[in-house]
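Please load the model in your viewer and keep the selection panel at hand. The tour below proceeds by selection, one stop at a time.

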Amino acid sequence: MQQRAVQSMLDFDFICRRDEPSVVAMVYPFTGDHKQKYYWGHKEILIPVYKKMSDAVKNHKDVDVMVNFASLRSAYDSTLEVLEFPQIRTVAIIAEGIPENLTRKLIVSADKKGVSIIGPATVGGVKPGCFKIGNTGGMLDNILHSKLYRPGSVAYVSRSGGMSNELNNIVSKATDGVQEGIAIGGDRYPGSTFMDHILRYQADPEAKLIVLLGEVGGTEEYEVCAALKDGRITKPLVAWCIGTCASMFTSEVQFGHAGSCANSDRETASAKNKALREAGAYVPESFDSLGDLIQQVYAELVKSGRIVPKEEVPPPTVPMDYSWARELGLIRKPASFMTSICDERGQELLYAGMPISEVLNKDVGIGGVVSLLWFQRCLPPYVCKFFEMCLMVTADHGPAVSGAHNTIVCARAGKDLVSSVVSGLLTIGDRFGGALDGSARQFSEAYDSNLHPMEFVNQMRKEGRLIMGIGHRVKSINNPDVRVKIIKEFVLENFPACPLLRYALEVEKITTSKKPNLILNVDGVIATSFVDMLRNCGSFTR
């Protein structure tokens, strides 16, 4: 599913002013039939994707080219499959590394059926103003720079796909541009040869000048020499075989392509360049002067009237993809969501700026993680310990409270875990769980108003309001809540100051004198201690 390559082909079609896309369908056996969205200039279009090759061919009778992006493991089978459909006349095989014996079988099968094969191990080819295979020509800016959006007068054939992009650039600078260009592929047994394409160019009246870029290894260039000598090639041919540096090495050199290795002196780049020069081809002294020689031959053809330079036409503008424009730093867009709490975009997950490895190595514990995620800073160790104590003592309130009761009822009714827990969470409010917030608010307001504890108690009684955080159904002054005792002792011993907790304890003395069970409960001790922590730990402003 080569979406970028397909989009590249569609963008090329658009700047070539095609009326409709060259790609009409894709075959992808790993999903069901569906449609894929692509850009056609400024608009969006849908291209069908088929699970079976037979369905694609049956539904698109005008198709005669297949570009095969399958991997080296499946390219052979998928190409054999498409050869069964007579309407397909050309197959481009991109994959590199297909076993040579399978490639040779493919070539024999294709020859029997009269099907042209470009590749394997190729980027493909390009016909400016018309069509390109896959990623040929590179990015859109390179295609525009090389003027591939309109035909020129120079046709080339190359082994290397990467060097074909370089040829596009050289030819565009030295002449009126490329008329057609094919990279036959770097394997030892390419599906089509130099001669197959050069003879097409010889027969094409629009191709005025032919360029051949061979390389070390193989003997196909000698067939070109023979054709030059016997008159089958009459158009000017500029040729160069790369790899002349192989003679500088003391042992045999294998270059990047499977076929770029000289097994005899005859297969060396230097020997082939010499033979081509003697056969009548224009051969430069080195690759560096290839562009100069092409320009020289082109100028002679223009002077003699055999080439009338093509008129320059400005290409239509194609909108740049957002992702590419952003990568180039040309645009910016506000993020839909941003968080200062955690960030997983880089090499390592960050909690409030601290790498997760550091969080683990420093052993900050659950309390430290809470301080980073809730408060976005490393709070002092005693605060982190306080968080952990609060979590531990309130982890389970038993089965009788509203949240647990609802969860149990929901689970017994056969609902799933998430639904059951959510039903319990929905009961949290002023009556259940809300005592923490209410207690913090009431005690803070009373303390900040300089109300004496007795005045606070009398005021609340006068208003008919309960003091949140005071009172327990079971525990009393004579049967204290151990949880309250543990937290209270820790706070009094470790916090730098705890005036609100001390205020609440004074209130408790008054309320328990009236009724033994009106003690400062776990909600009240956590609420007042939490406010003391926020106000006095030195990490927060008022």
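## Helix α21 and its surroundings

Begin with Asn521: at the start of α21, a side-chain oxygen of this residue reaches to within 3.1 Å of the backbone nitrogen of Asp523. The model in view is a predicted one.

Next, select residues 522-536, the 15 residues of helix α21. At 1.5 Å a residue the helix should span 21 Å, and its end C-alpha atoms are indeed 21 Å apart, so the expected and modelled spans agree. Colour the buried positions of α21, which are Val522, Gly524, Val525, Ile526, Ala527, Thr528, Ser529, Val531, Asp532 and Met533. Then display α14 (381-393), α17 (435-448), α19 (482-494) and α20 (499-514), against which the buried residues of α21 pack. To leave the helix, move to Gly538, which follows α21 and has a positive phi, near 90°.

## Helix α8

Select residues 220-230 for helix α8, in which Glu220, Glu221, Tyr222, Val224, Cys225, Ala227 and Leu228 are buried. Which elements do the buried residues of α8 pack against? Show α7 (194-203), β11 (209-215), β12 (237-242) and α9 (269-279), which are the partners. Here too a glycine follows the helix: Gly231 comes after α8, and its phi is positive, near 90°.

From this group, pick Gln202, which belongs to helix α7. Is Gln202 buried or exposed? Its relative accessibility is 18%, and Gln202 therefore counts as buried, the cut-off being under 20%. Draw the distance from the side chain of Gln202 to that of Thr234, where a polar contact of 2.6 Å is made. When neighbours within four places in sequence are left aside, Gln202 is in contact with Ile210, Arg232, Ile233, Thr234 and Lys235.

## Helix α4

Go to Ser109 in helix α4 (residues 100-113). Ser109 is partly exposed, at 22% relative accessible area. Beyond its neighbours within four places in sequence, the residues in contact with Ser109 are Leu80 and Leu83. For a sense of scale, add Asn59: Ser109 and Asn59 are 50 residues apart in sequence, and their C-alpha atoms lie 25 Å apart in space.

## Backbone exceptions

Most residues other than glycine have a negative phi, and most peptide bonds are trans. The next selections depart from that pattern.

Select Gly119 and Pro120, which are joined by a cis peptide bond with omega about 0°. Pro120 lies in the loop between β6 (116-118) and β7 (125-127). Ala121 is found in the loop between β6 and β7 as well, and its phi is positive, about 60°, although Ala121 is not a glycine. With 13% relative accessibility, Ala121 counts as buried.

Then move to Gln376, in the loop between α13 (365-375) and α14. Phi of Gln376 is also positive, near 55°, while its relative accessible area of 38% makes Gln376 partly exposed.

## Salt bridges

Side chains of opposite charge can pair when their charged atoms come close. How many salt bridges does the model hold? The count comes to 17, and several are worth displaying in turn.

- Glu312 and Lys147: their side chains meet in a salt bridge at 3.9 Å, N to O. The pair links distant parts of the chain, 165 residues apart, with Glu312 in the loop between α10 (290-303) and α11 (322-327) and Lys147 in the loop between α5 (140-145) and β9 (154-158). Glu312 is partly exposed at 39% relative accessibility, as is Lys147 at 27%.
- Arg345 and Asp343: the closest N and O atoms of this salt bridge are 2.8 Å apart. Arg345 counts as exposed at 73% relative accessibility, whereas Asp343 is partly exposed at 22%.
- Arg465 and Glu463: the side chains form a salt bridge at 2.7 Å, N to O. Arg465 is partly exposed at 42% relative accessibility, and Glu463 is partly exposed at 42%.
- Lys127, Glu180 and Arg200: select the three together to see a network of salt bridges.

## A nonpolar surface patch

Finish by showing the surface over Leu417, Val418, Val421, Val422, Leu425, Leu426 and Ile428, which form a nonpolar patch with about 710 Å² of accessible area together. Within this patch, Leu417 is in helix α16 (residues 417-425). Leu417 is exposed, its relative accessible area being 68%.

Notes. Residues are numbered from 1 along each chain as its sequence is written. This is a predicted model: local features need pLDDT of at least 70, side-chain atom pairs count only at pLDDT 80 or more; totals for chains, interfaces and linings use all residues. Side-chain values use heavy atoms; hydrogens and water are left out. Helices (H or I, at least four residues) and strands (E, at least two) are DSSP runs, numbered from the N terminus. The expected span of a helix is 1.5 Å times one less than its number of residues. Buried means under 20% relative accessible area, exposed over 50%, partly exposed in between (1.4 Å probe, protein chains only). Contact means heavy atoms within 4.5 Å. A polar contact is a pair of N or O atoms within 3.5 Å; within protein, one must be able to donate a hydrogen and the other to accept it, and residues adjacent in sequence count only if both atoms are side-chain atoms. Patches are made of residues with over 30% relative accessible area and no salt bridge: like charges are joined within 9 Å, nonpolar side chains (Val, Leu, Ile, Met, Phe, Trp, Tyr) within 5 Å. Accessible areas come from the Shrake-Rupley method with a 1.4 Å probe; for residues, only the protein chains shown count as cover. A salt bridge is a side-chain nitrogen of Lys or Arg within 4 Å of a carboxyl oxygen of Asp or Glu.
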